[in-house]
Structures are given as structure tokens and as C-alpha cells.
Amino acid sequence: MKDFVFCTPTEVVFGKNAESKIASRIQKYGGTKVLLHYGGRSAEQSGLLPQIREHLAQHNLPFIELGGVVPNPRLSLVREGIDLCRREGIDFILAVGGGSVIDSAKAIAFGTRYPNDVWELFDGKGKVTECLPLGTVLTIPAAGSEMSDGCVITNEEGWLKRGYSTNLARCRFAIMNPERTFTLPAYQTACGVTDIMMHTMERYFSLEDDMTVTDAIAEAILRTVMEAAPIVLNNPNDYRWRAQIMWAGSLAHNDLTGCGTVGDWATHHLEHELSAMFDVAHGAGLAALWGSWARYVMSVRVSRFVRFAVNVMGVENDFTDPEGTALRGIERMEAFYRSIGMPTSIPELIGRPATEEEILTLADKCCRQDTHTEGNFKVLYRKEMEAVYRLANK
Ligand code: NZQ
Ligand code: ZN
């Protein structure tokens with residue numbers, strides 16, 4: 001088991017009526033003037049935003065609004081938010097939405113206190129030393145940004161999707177009411193489930209083989225989410241199982257499932273290029289790639305895939321044929337993705353095969369013109385990245 005530091009400072013307020021705690025939490029963390037940041041129409045239509053506006057007003061918390069965050073959140077809106085925060089003297093950001101809104105809020109929080117252009121951080125040319133405090137009202141369990149140290153932004157100039165991670169980015173609090181996820185469309189629910197599973201699996205597929213507790217937690221999260229998904233797809237208002245998914249989403253990406261492991265993350269970073277190029281949902285992109293990645297890297301440590309097949313996917317262990325057992329686990333994972341409406345190939349994801357030129361561009365961007373590798377379970381260079389994209393393109 002590798003040495004590790006586990007830092008998860010976000011205060012979670014979970015359950016029905018959790019929204020009634022928003023103002024007290026903002027005040028607890030020093031907020032006196034708030035940027036209310038949100039996405040498209042969903043939070044307005046569900047009545048959540050009107051409720052929050054009223055709640056903030058009742059508690060004498062002045063706020064300015066900035067909506068319009070789109071999935072795969074854009075740098076241009078982040079820059080607009082930074083200007084707004086500086087101009088208005090904002091000292092707290094409240095992100096109402098999912099990963100895209102929270103990440104946009106994080107980037108605004110960095111940028112407001114960063115002397116140069118905020119993209120420098122995502123480009124690997126700068127580092128934050130301070131940022132505005134932020135909190136969130138989560139409406140979709142998926143990206144795990146409510147407790148993670150990550151922030152992923154898309155620069156429209158060149159369609160570059162890049163992440164920046166720091167503990168300074170962790171939300172001070174996360175308000176999580178599973179009832180708020182009842183309105184999620186089936187596709188977004190399934191994308192979220194996929195992302196939650198992938199955050200767990202990126203850390204689970206590690207060359208470290210002796211992290212018993214962490215493995216057990218990871219396997220429980222995966223099994224729970226797989227049990228919950230068809231139930232909520234069938235009955236979107238099922239509080240109990242919406243709640244399981246919501247809490248699993250945070251545990252999957254607050255680093256708990258990474259204690260003592262060395263994560264892989266190749267599928268994630270290969271996917272970020274897909275969602276940057278085709279503007280697809282992150283979870284769907286992950287489902288489209290994972291099986292191809294798994295087949296490509298499996299031979300590095302078949303035993304890990306056998307453990308996954310048996311403990312997570314319920315495959316019977318054929319001790320005479322570890323490769324066969326491992327492959328059946330991958331096949332069952334893909335069958336699960338298909339059963340919840342997720343694609344398991346690039347053609348299914350974008351409606352046609354990617355062209356050869358697109359494959360080369362995806363790999364070129366992912367390896368940053370041969371200056372960068374991906375993955376730890378198996379290190380991928382440009383050629384290997386191309387190979388995974390090609391496998392997924394069949
Ligand atoms: O914009 P609105 O109208 O709110 O609609 C959203 C959006 O279209 C809708 N939605 C959200 N809550 C809803 C709802 N619709 C009905 N009812 C509700 N309660 O769902 C759509 C997707 O929202 P989005 O925030 O984009 O989803 P998600 O949470 O999956 O976030 C995806 C982004 O997070 C990044 C992804 O790359 C992607 O950009 N990630 C961030 C990570 C992090 N910060 O740690 C890690 C992840 O691996 C991921 O890369
Ligand atoms: Zn993800």
C-alpha cells in the first residue's frame with residue numbers, strides 16, 4: 001500500500017431540505033457578497049433557483065447572478081465571471097448545478113485572485129496560491145467536483161479541454177438533496193453513473209495489489225451504483241436509490257478510493273479530447289472508450305481484471321483461464337453500459353466512425369505533441385493512444 005495524504009475538507013449537508021442550510025454555510029465560511037453561478041434552464045425550471053434567491057434575500061445575503069454555463073464549461077464565461085467578481089467585490093461563489101457549473105465556479109475563484117490570465121493554470125504555466133471560497137448546491141451526481149480537487153475547463157480557442165487540480169479548489173460545503181436529482185433525464189443519469197464508476201475504476205486499476213480496505217470500498221461503490229442505476233431509470237423519483245448514487249458520486253472522487261493506490265486516468269484524459277472535439281457528455285465518452293482501453297492494457301496485470309470480473313461483475317472465476325475470466329468481466333461491464341443507454345464505441349457516441357485525421361488529432365492533443373504520456377497501469381505514448389482510439393472506433 002502506497003503512502004498517501006487524504007484531504008477532504010468539504011462540509012457535506014446531505015438530505016431533504018438541505019437547501020435551508022445554504023445561507024448559514026456561506027456566512028460560516030465568510031461570504032458577505034455572493035456570485036450565484038448556474039447552467040442552462042434546469043435549475044430555474046425545477047424551482048431550485050427561485051427558492052435559493054428567496055433564501056439568500058431572507059438572510060440578507062446580497063448576490064449577483066451569472067448563468068449560462070454549458071456542459072464542457074467554456075473559458076470565455078470563466079473570464080466574464082472573473083471580471084464580474086472583481087468589479088462587484090464578490091467574496092463567495094455559490095455553484096448551483098453539476099460538474100460543469102462547479103468547475104466554472106472553481107476557475108472563476110482561481111482567476112479572481114490570480115494576477116495573470118487564468119488559462120495559464122490549465123496550460124501548466126502557473127500555480128494558484130489563493131482563491132475565492134466556494135460552495136455548491138449539487139443537482140447531478142456525476143463528476144464528483146463537489147468534493148474533488150479538480151477543475152476541467154474548455155478553451156474555445158483550439159478546443160482544448162484541460163484540468164487543473166489543487167486542494168484550494170475544494171468546495172467549502174456541498175448541499176446535496178437527492179430529491180433535486182429526480183428531474184434528471186435518463187441519459188444524464190446514465191452518464192453520471194458511468195462517470196462515478198469510472199472515477200472508482202481509474203483508481204482501482206492500479207499496479208498496487210495490497211490495498212484491501214480501499215479495494216473493498218471501491219467494489220462496494222461499483223456494485224451499489226450498478227444496482228441503483230436500473231432502479232432510478234425505471235423510477236426517477238426513488239429517493240433511496242437516488243441517494244445511494246448521489247453519495248457514491250462524492251465518495252468515488254473525493255480521493256477515498258485512491259488511498260494507497262496509484263490511479264491510471266488514461267481513459268479520462270483520452271475522453272477529455274473526445275468531449276473537446278465532439279462536445280459530447282463526459283460520461284458517455286468514458287463508456288465509449290473504457291472497454292477498448294481495458295482490452296489493450298489487460299495483459300499488464302490480468303489478476304487485477306480477474307478480481308474486478310469476480311468481485312464487481314459477478315463472473316465465475318475459471319482458474320484454468322484467467323484471461324477468459326478477465327475478458328468476461330470487461331464484456332459484462334460493457335453490457336451494463338449498453339443496458340443503461342451508454343455507447344461502447346466512438347461510432348455509437350458520435351453517430352459515425354471518427355476519420356483517420358480525427359484519430360491522429362485526438363492522439364496528438366492527448367500526448368501534447370509528444371511531450372506527455374498518459375496512464376500508470378500501462379503508460380501510453382502517442383502510438384498507444386492512437387491504438388486505443390482505433391480499437392474504440394470499430
Ligand atoms: O445546464 P442545465 O440546464 O442545468 O442542464 C444540465 C446539463 O445539461 C443537466 N442537469 C444538471 N442537473 C440537472 C439537470 N437536468 C435536469 N435536472 C437536474 N437536476 O445535466 C447536464 C449535464 O450537466 P454537467 O454539469 O455538464 O454534468 P456533469 O456533472 O457530468 O459535469 C461534466 C463536466 O465535469 C467534468 C467533465 O469533463 C465535464 O466537463 N469533470 C470534472 C471533474 C472534476 N472537477 O473533478 C472530474 C470529472 O472526471 C470530469 O472530467
Ligand atoms: Zn470523470
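**Ligand 1 and the zinc site**

Student: In this predicted model, how far does a polar side-chain atom of T183 lie from a nitrogen atom of ligand 1?

Tutor: A polar contact needs N or O atoms within 3.5 Å. The polar side-chain atom of T183 meets that cut-off, since its distance to a nitrogen atom of ligand 1 is 2.8 Å.

Student: What share of the area that ligand 1 exposes alone does the protein bury?

Tutor: On its own, ligand 1 exposes 960 Å². Of that area, the protein buries 87%.

Student: Which elements give two or more residues to the shell around ligand 1?

Tutor: The shell draws at least three residues from each of domain 1 (11-180) and domain 2 (184-392). The elements that give two or more residues are α5 (99-113), β6 (150-155), α7 (186-204) and α10 (266-278).

Student: Which side chain has an N or O atom 2.7 Å from an oxygen atom of ligand 1?

Tutor: K161 places a polar side-chain atom 2.8 Å from an oxygen atom of ligand 1, so K161 does not fit the 2.7 Å asked for. The side chain at 2.7 Å belongs to H199.

Student: Which residues coordinate the zinc ion (ligand 2)?

Tutor: The donors follow the spacing D-x3-H-x68-H-x13-H along the chain. At 2.0 to 2.2 Å, the zinc ion is coordinated by D195 (OD), H199 (NE2), H268 (NE2) and H282 (NE2).

Student: How many residues apart in sequence are the parts that H199 and H282 tie together?

Tutor: H199 belongs to helix α7 and H282 to helix α11 (residues 282-297). The pair therefore ties together parts whose separation in sequence is 83 residues.

Student: Is H282 buried or exposed?

Tutor: Buried means under 20% relative accessible area. The value for H282 is 18%, so H282 counts as buried.

Methods. Residues numbered from 1 in each chain as written. Chains lettered and ligands numbered in written order. Predicted model: local features only at pLDDT ≥ 70, side-chain atom pairs only at ≥ 80, totals over all residues. Heavy atoms only, no water. Polar contact = N/O pair within 3.5 Å; in protein donor to acceptor, adjacent residues only side chain to side chain. Areas by Shrake-Rupley, 256 points an atom, 1.4 Å probe, with all protein chains shown as cover. Helix = DSSP H or I, 4+ residues; strand = E, 2+ residues; numbered from the N terminus. Domains from an automatic or database assignment. Donors = N, O, S within 2.8 Å, 3.2 Å for Na, K, Ca; no water. Buried < 20%, exposed > 50% of the residue type's maximum accessible area, 1.4 Å probe, protein only.
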